[in-house]
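Here is a short set of exercises for you to try. Have a go at each task first, then walk through the solution step by step.

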Amino acid sequence: MQREITKKTLLLDKRGKVARPGWARRMYYIYNRERARRNPVNLKEWNFYQLIKDRMVAQLTIGHVSYACNAAVTVLDLDTGERLLSWSSLRPFRLPALDRDPERPGVVEYRDGGYVLRFEVAEGKRLLDFGPEAGPGEYVVDGSSIHLELENDPDNEKMVIATPFEEGSHKFYLNYKENFYRVTGSVYLAGREDLSWDGASGVLDWGRGIWPYRHEWWWGNLSGQVDGADFGFNIGWGFGDLSHATENVYFYKRKAYKLGVLQVEREGGYMEPWRLRDVGGKLELRFRPVRDNYTENKLLMVNTHCNQVFGLFDGWAETEEGRVEFHDLLAFIEHAVNRW
């Protein structure tokens, strides 16, 4: 079953449970956080951007797990595995002011240790900025910093999903993923040549929810072009009750094509070839890994492990215009096992 939500609806009912589990092409869910039934340590919220330019990856995150907040910025060279820029901050007992709607104009900002990470949603664009503070709204331009502008197209269809957990539980997951295109801007690295990020593509992963303390997921996402047309996908499994809808969807010319369950085959470990097929015969993916961006964090109650495997995708997808074939598109699949 793939229940599609097509008009504005409250996420949580008066009991704090997901009122209408399902998926949507736009942000039709109203995140009424005040109805979330939680103890002080189990609400999780984050905004995560990942942008890929050639063989470079930029990742920017602001989020919290109720008892601690986190912000991080990474620029990764997939050819060498080197982290060209790496900054993170984890502060107990502090919550950042995060937005309730990823499409509404506004600012999310995190400051610590003389650095500021700032996400702004404005009319027709998103602005991502990171760097040392020189003063209110100012940055030191000769240090490592990031200044990017993303086209914000309201007509771009998304993957939005409201997922409950076990029956009778107040746990839920509201997730919004949008694949962006036409990025402009630069990454400035102290002591290195500045990197133009013009033409990069990527994804916003916006998540809100109350989950089990121990959990895991599989997630893959691609943004690219096929013969000059925008193409991408979002896939995911292993997390919550997916009987109402899955996270599996692909995009062609910014239109979403919904999928059900995927069959996944892997010949061995994370770095061996993968094959993924939609049981409905709409999509087939072949994945050749090139780099495992493994990360782990252990602090206080946080214990996270993630194998984020980047590689090249080949395959085909059925669209309204016929079958579209693609080759050597760079993207990732990750497997996370967490306690937080």
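A disulfide is counted where a pair of cysteine sulfur atoms lies within 2.5 Å. The model is a predicted one, in which local features need pLDDT of at least 70 and side-chain atom pairs count only at pLDDT 80 or more, while totals for chains, interfaces and linings use all residues. Residues are numbered from 1 along each chain as its sequence is written, and side-chain values use heavy atoms, with hydrogens and water left out.

**Exercise 1. Cysteines**

Find how many disulfides the rule gives, and decide whether cysteine 69 is buried or exposed.

Step 1. Applying the rule gives a count of 0 disulfides.

Step 2. For accessibility, use these classes: buried is under 20% relative accessible area, exposed is over 50%, and partly exposed is in between, with a 1.4 Å probe and protein chains only.

Step 3. Cysteine 69 has a relative accessible area of 0%, so this residue is buried. Cysteine 306, at 14%, counts as buried too.

**Exercise 2. The open sheet**

Work out which strands stand at the edges of the sheet.

Step 1. Start with the terms. Strands are DSSP runs (E, at least two residues), numbered from the N terminus, and two strands pair if DSSP finds at least two bridges between them.

Step 2. Write down the order of the 9 strands: S21-S20-S19-S18-S26-S25-S24-S23-S22, in an open sheet with antiparallel pairing.

Step 3. Read off the ends: strand S21 (255-258) and strand S22 (262-266) each have a single partner strand, so one side of each is left without a neighbour in the sheet.

Step 4. Now zoom in on one pair. Strand S19 (residues 229-237) and strand S20 (residues 249-252) pair in the antiparallel sense over 4 bridges, and here glycine 232 stands opposite phenylalanine 251 in S20.

**Exercise 3. A hairpin**

Describe how S8 and S9 are joined.

Step 1. Strand S8 (residues 106-112) and strand S9 (residues 115-122) are antiparallel partners over 7 bridges. Across this pair, valine 108 stands opposite phenylalanine 119 in S9.

Step 2. The two strands form a hairpin with 2 residues between them, and glycine 113 in the turn has a positive phi of about 60 degrees.

**Exercise 4. Two arginines with positive phi**

Locate arginine 182 and arginine 254, then classify each by accessibility.

Step 1. Arginine 182 has a phi near 60 degrees, a positive value in a residue other than glycine. Its place is the loop between strand S14 (172-180) and strand S15 (183-188).

Step 2. Arginine 254, also not a glycine, has a positive phi of about 65 degrees and is found in the loop between S20 and S21.

Step 3. Arginine 182 counts as exposed because its relative accessibility is 51%. Arginine 254 is buried because its relative accessible area is 12%.

**Exercise 5. The largest pocket**

State which residues lie nearest the centre of the largest pocket, and sort its lining by residue class.

Step 1. On a 1 Å grid over the protein atoms alone, a pocket is an open set of points where a 1.4 Å probe fits, with protein on both sides within 12 Å along at least five of seven lines; lining residues have an atom within 4 Å of a point.

Step 2. The lining holds 48 residues, and Thr61, Asn70, Thr295, Asn297 and Thr304 lie nearest the centre.

Step 3. Sort the lining: 23 residues are nonpolar, 17 polar and 8 charged. Here Ala, Val, Leu, Ile, Met, Phe, Trp, Tyr, Cys and Pro count as nonpolar, Asp, Glu, Lys and Arg as charged, and the others, Gly among them, as polar.
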